[in-house]
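Work through the exercises below with the coordinates open. Each task is followed by a solution in steps.

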Amino acid sequence: MVKILLLGKGVANNGCKRLLEDSSIDFDYFDKNEITEGEYDYIVKAPGIPLYDSCFKNIHGKVISDIELAYVLRRVYMIGVTGSNGKTTVCTMLYQILKHKYRVVLCGNIGYSICDAVVDNKDAEIFIVEMSSFQLEAINALDCNISVLLNIDMCHLDHHLNMRNYVDAKLNLALKQSFNRYTIYNTDNVYLSGLHKMILSTPIGFSYNSTINRIYVLNDYIYFKNKRIFKLKKEDLKCRHKVENYLAVLSVISIMNFSIKKACKILKDFKDVEYRLNKIDKYVYNDAKSTNCASTNAAISSLDKIHLICGGYDRFMDIKIDDDNLKKLICVYAYGQTKDKIKNYFQNKNIRCLVFNTLEDALRSAYIKRIDNEIILYSPMFASYDQYHSYNERGKEFNELYFQLKNRL
């Protein structure tokens, strides 16, 4: 009899519990501080537990993730999407398009576990799964029908310890695929540019810079097989990351039995994911979903004359803002656990940086100092866990604080 341990209690392993019960498979379920030793065939670790955690010292077995458990037990059609930035947006775009023809489920790191999804949706044809590096570091047999690797930038070093481990976790999504699968990847990204040499699956690259791919950008249009298919808006052209999301999505659609023309029409009406560079007032943007420098860099690049509010939980990553983007900053307002780290970085770049304990104090200062057509951008650059449970919580608070401030002053 196969012995399975669910290690770490939470959303992902609660879903695993349901799936194992639905499959009539016995298992143990413990938090990591509830078990000191044991021999198992498989250990399904909660995403937040790193592979080097001391709990594995006396617990032995092949470590896998909830995604692999769902795949092995159900063999469903999966489109797996990963990347340092853009995962939620791309998954949501794919869902909004493909639901017009298929029975599609959106799940994974987006907040609805893959195991819950396969139990709840036995008649689904496609599962679009947002996958984090925390999950991908522990896969062995996962073989997605289509994998999408959007980008890799410095992130989650508190969990992975170094950049190499983080990159390896992300690449696992493609490296585990077999020859009859497809890999969509960003050829502009330094960590992904040579991926086609490492995989068995069919590689399909997309690029903002190059026109040698099946889908590419030229002037104000996206082309497919050298024909214009999508007219980019002026605001799109200012946001490279948004165009790259379009390219990734359309690259997936191009290998499925779905009309590219219809996909483009749906994309034109797509509303941005909540707290991903949402314009909440004429000169105010809420980018609370930003948890790393690459994401904040992308937000800054699409705007000008910026009062930047940022700060949060320290994951031991270095701050790096592109030189061209630094020129766009009028003042930085740092708060939370990383406020001093942020101040040191920007002061060394000769950019004024003010320090606050809370988001409310930082926003009030930015609101008072902003003049004319200057922009207030809330793009935290760090995770939320020093003061909030999630980016949704801080995004909601920012909106509430801003409108309270506007009505009062």
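**Exercise 1.** Is Tyr 402 buried or exposed, and what is its relative accessible area?

Solution. The model is a predicted one. The relative accessible area of Tyr 402 is 5%. Buried means under 20%, so Tyr 402 counts as buried.

**Exercise 2.** Classify the ring pair of Tyr 367 and Tyr 402, and place both residues in their helices.

Solution.
- Step 1: the ring centres of Tyr 367 and Tyr 402 are 5.9 Å apart, and their planes stand at 65°.
- Step 2: planes over 60 degrees apart count as edge-to-face, so this pair is edge-to-face.
- Step 3: Tyr 367 belongs to helix H14 and Tyr 402 to helix H15, so the pair ties together parts that are 35 residues apart in sequence.
- Step 4: Tyr 367 has a relative accessible area of 21%, which makes it partly exposed.

**Exercise 3.** Check the length of helix H15 and find which of its residues are buried.

Solution.
- Step 1: helix H15 covers residues 391-408, which is 18 residues.
- Step 2: at 1.5 Å a residue the expected span is 26 Å; the end C-alpha atoms are 26 Å apart, so the two agree.
- Step 3: the buried residues of H15 are Arg 394, Gly 395, Phe 398, Asn 399, Leu 401, Tyr 402 and Leu 405.
- Step 4: viewed down the axis of H15, these buried residues fall within an arc of 170°, so they line one face of the helix.
- Step 5: the general background is that an α-helix has 3.6 residues a turn, so residues three or four places apart point the same way.
- Step 6: Asn 407 and Arg 408 are exposed, on the other side of H15.
- Step 7: the cover over the buried residues of H15 includes helix H14 (359-369) and several strands, among them S14 (278-281), S17 (329-335) and S19 (375-378).

**Exercise 4.** How many aromatic pairs does a search of the whole structure find? Describe the pair of Tyr 333 and Phe 356.

Solution.
- Step 1: the search finds nine aromatic pairs.
- Step 2: Tyr 333 and Phe 356 are 6.4 Å apart centre to centre, with 25° between the planes, and are stacked.
- Step 3: Tyr 333 sits in strand S17 and Phe 356 in strand S18 (residues 353-356), so their pair ties together parts that are 23 residues apart in sequence.
- Step 4: both Tyr 333 and Phe 356 are buried.
- Step 5: Tyr 335, Tyr 378 and Phe 398 are linked into a cluster by ring pairs.

**Exercise 5.** What is the strand order of the open sheet of three strands, and which helices lie across its strands?

Solution.
- Step 1: the order is S11-S12-S13, and the pairing is antiparallel.
- Step 2: strand S11 (215-218) and strand S13 (227-231) are at the edges with a single partner strand each, so one side of each has no neighbour in the sheet.
- Step 3: from one strand to the next the twist averages 35°.
- Step 4: four bridges join S11 to strand S12 (residues 221-224) in the antiparallel sense, and Leu 218 stands opposite Tyr 221 in S12.
- Step 5: helix H9 (residues 240-253) lies across S11, S12 and S13, at about 150° to S11.
- Step 6: helix H10 (residues 260-268) lies across S12 and S13, at about 20° to S13.

**Exercise 6.** Where is Ser 251 found, and which residues is it in contact with beyond four places in sequence?

Solution. Ser 251 is in helix H9. Its relative accessibility is 1%, so Ser 251 counts as buried. Neighbours within four places in sequence aside, Ser 251 is in contact with Ile 184, Phe 206 and Ile 215.

Key: Residues are numbered from 1 along each chain as its sequence is written. This is a predicted model: local features need pLDDT of at least 70, side-chain atom pairs count only at pLDDT 80 or more; totals for chains, interfaces and linings use all residues. Side-chain values use heavy atoms; hydrogens and water are left out. Helices (H or I, at least four residues) and strands (E, at least two) are DSSP runs, numbered from the N terminus. The expected span of a helix is 1.5 Å times one less than its number of residues. Buried means under 20% relative accessible area, exposed over 50%, partly exposed in between (1.4 Å probe, protein chains only). The arc is that of the directions from the helix axis to the C-beta atoms. Contact means heavy atoms within 4.5 Å. Two strands pair if DSSP finds at least two bridges between them. Axes are lines fitted to C-alpha atoms, for helices over the stretch in contact, and angles run from 0 to 180 degrees between N-to-C directions. Rings of Phe, Tyr and Trp (its six-membered ring) pair if their centres lie within 6.5 Å; planes under 30 degrees apart count as stacked, over 60 as edge-to-face and the rest as tilted.
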